[in-house]
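This report describes a ligand site, a helix pair and two backbone features. Please consult the sequence and the structure alongside the text.

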Amino acid sequence: MADVGIDAIEIRTGKLALDLAETFAPEMGEAPEKYTKGLGIYSSSLPDVYEDIVTMGANAAHRLMERQGLNLNDVGRIDVATESAFDNSKPVSTYIAGCLEQVFDGNLHHANKGERKFACISGTQSIDDAYNWIRAGRNRGRAALVIATDTALYARDDPGEATQGAGAVAMLIDTDPDVVSLSKEQGYGSADETDFLKPNQQFPSVDGKRSVQVYLARMREAVEDYESVAGDVRPEDFRFAPFHTPFPGMVRKAAMLGYRHMVRDTDIEDSLAPEIGRQPRREAFEDEDAFRDAVREYMDALKETDQYREWFGHAIEPTLDIAREVGNWYTGSVHVARASALKHAAERGEELTGEGLFIGSYGSGAQAEIHAETVQEGWHEEIEALDIDTQLDERYDLSFAEYEEIHDVHNHDKAVEVEELTAPTGEFVYDGRGRMNERKYRYVD
Ligand code: CAA
């Protein structure tokens, strides 16, 4: 059977930017380096007053479909992945379909629509659903639209406020894909965790420090599970490793552990031994604390080696470029990381066709998933068509007072009227509430 994967991709950022080092840090009484160096984020994308998860998702899907010359009959399925839904019954995909029906001829009455929830991993799970639907031969030759869209806002003064973001990634899943094909092999690391959740509330309850540990633990399990079906993973097996990026500093921690795991018992470990010794083995230590101390010491030394730095700069750093400018997009985050890496390669004229990607998705609560992807021939043209740089350049730079107002506008518990900061053109906008409290949308030329 033909390969199935991502045939097209489109990214839509919220139209406002909060500069974290210049604008946010001073108001929080923090050093700018906490953001630029520690967390690794320079600014957060936030939605203007007329933007939300529907407009960002619909605008991404609209541009994708126009660029691909698709009509509504070509789409047999719309799955929205989000953890920012505003309705416990009516899925966001119905709103997005309604938007698309405003601008394309025909309708989406025969497309299957749904909404996926498992924190940030649900974008990847929606791709899985589409993959399985196509592989099962139930798609009648049609493609699936997967839209990962979130307004990742935290309560004011929550430590997570430093990592906010808003944006959407639309992806077309089809046979003979132009961007990447997906491996059949997958690995999971999943456990009942209480690290980050929203029990019927808009802003998350977060145990931030614990969430970092849970991310690493589940990711490690997922890698081991993946290796049990696909064989050992080595650094040379893939060109980039795009991971879920709540903030780049998180990926830096995961990359360090991942590299240590991948090079164990390889020529790389041997070549590093004269400089930093061999990796501590559990069986050589009598107690767990001594083993952990030795691992910490080894990791500190490994981090400083040329081999590790080169690998990180080559395989990981390029996946973080966009995240540094936009913050966390929850369900869209790992898909932004993939696009970021491909964009980096395209800008340098690198030929990637046939190269491997090692994808690490993660959702709090918690589950990690690992799979591999193979870059396809049409990747370059598709990635070159992205206009994310223009969107980032055109964002409105918020003052702190404006940020406070915008946060209130998007707080479901507050009813504040604030003027829009940007002027919508050629896009869907939020247009108030209807008689059953439903949200309404219209297209602005
Ligand atoms: N110069 C350089 N570095 C500095 C610095 C300075 N002046 N000040 C602080 N730093 C560093 C710190 O050392 C730290 O780095 P390390 O962890 O490598 O030591 C980093 O900057 C952050 O500083 P703090 O740990 O002091 O920051 P914090 O306590 O305010 O909160 C956080 C950090 C817990 C991640 C918080 O932002 C948070 O709760 N975020 C939301 C939860 C989250 O994103 N968790 C990630 C895993 S869960 C997930 O992935 C799902 C999801 O999308 C939410």
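## Polar contacts of the ligand

A polar contact is a pair of N or O atoms within 3.5 Å. The model considered here is predicted, and three side chains in it provide atom pairs with the ligand that fall under this heading.

In the case of Lys-253, a polar side-chain atom is placed 2.6 Å from an oxygen atom of the ligand. His-244 likewise directs a polar side-chain atom to a ligand oxygen, at 2.9 Å. The side chain of Ser-211 is paired with a nitrogen atom of the ligand instead, an N or O atom of this residue being 2.8 Å away from that nitrogen. On its own the ligand has 1000 Å² of accessible area, of which the protein covers 72%.

## Composition of the surrounding shell

The ligand is surrounded by 26 residues, and those that come nearest are Lys-34, Lys-209, Ser-211, Lys-253 and Asn-328. Divided by class, the shell consists of 13 nonpolar, eight polar and five charged residues.

Three helices each supply at least two residues of this shell: H2 (32-39), H6 (208-230) and H7 (248-263). Which helix gives the largest share? That share comes from H2, with five residues.

## Packing of helices H3 and H4

Helix H3 spans residues 53-68 and helix H4 spans residues 92-103. Their axes come within 9 Å of each other and cross at roughly 50°. Angles of 65 to 115 degrees count as roughly perpendicular, and those under 35 degrees as roughly parallel; H3 and H4 are therefore oblique to each other. The crossing of these two helices is right-handed.

## Backbone features in loops

Two loops contain backbone features that deserve a separate entry. The peptide bond from Gly-365 to Ala-366 is cis, and its omega is near 5°. Ala-366 belongs to the loop that lies between strand E11 (356-363) and strand E12 (367-375).

The other feature concerns Asp-157, which is not a glycine and yet has a positive phi, of about 75°. Asp-157 is located in the loop between strand E6 (143-152) and strand E7 (165-175).

Conventions:
Residues are numbered from 1 along each chain as its sequence is written. This is a predicted model: local features need pLDDT of at least 70, side-chain atom pairs count only at pLDDT 80 or more; totals for chains, interfaces and linings use all residues. Side-chain values use heavy atoms; hydrogens and water are left out. A residue is near a molecule or strand if one of its heavy atoms lies within 4 Å of it. A polar contact is a pair of N or O atoms within 3.5 Å; within protein, one must be able to donate a hydrogen and the other to accept it, and residues adjacent in sequence count only if both atoms are side-chain atoms. Accessible areas come from the Shrake-Rupley method with a 1.4 Å probe; for residues, only the protein chains shown count as cover. Helices (H or I, at least four residues) and strands (E, at least two) are DSSP runs, numbered from the N terminus. Ala, Val, Leu, Ile, Met, Phe, Trp, Tyr, Cys and Pro count as nonpolar, Asp, Glu, Lys and Arg as charged, and the others, Gly among them, as polar. Axes are lines fitted to C-alpha atoms, for helices over the stretch in contact, and angles run from 0 to 180 degrees between N-to-C directions. Angles under 35 degrees count as roughly parallel, over 145 as roughly antiparallel, 65 to 115 as roughly perpendicular and the rest as oblique. A crossing is left-handed if the near helix is turned anticlockwise from the far one by less than a right angle, and right-handed if clockwise.
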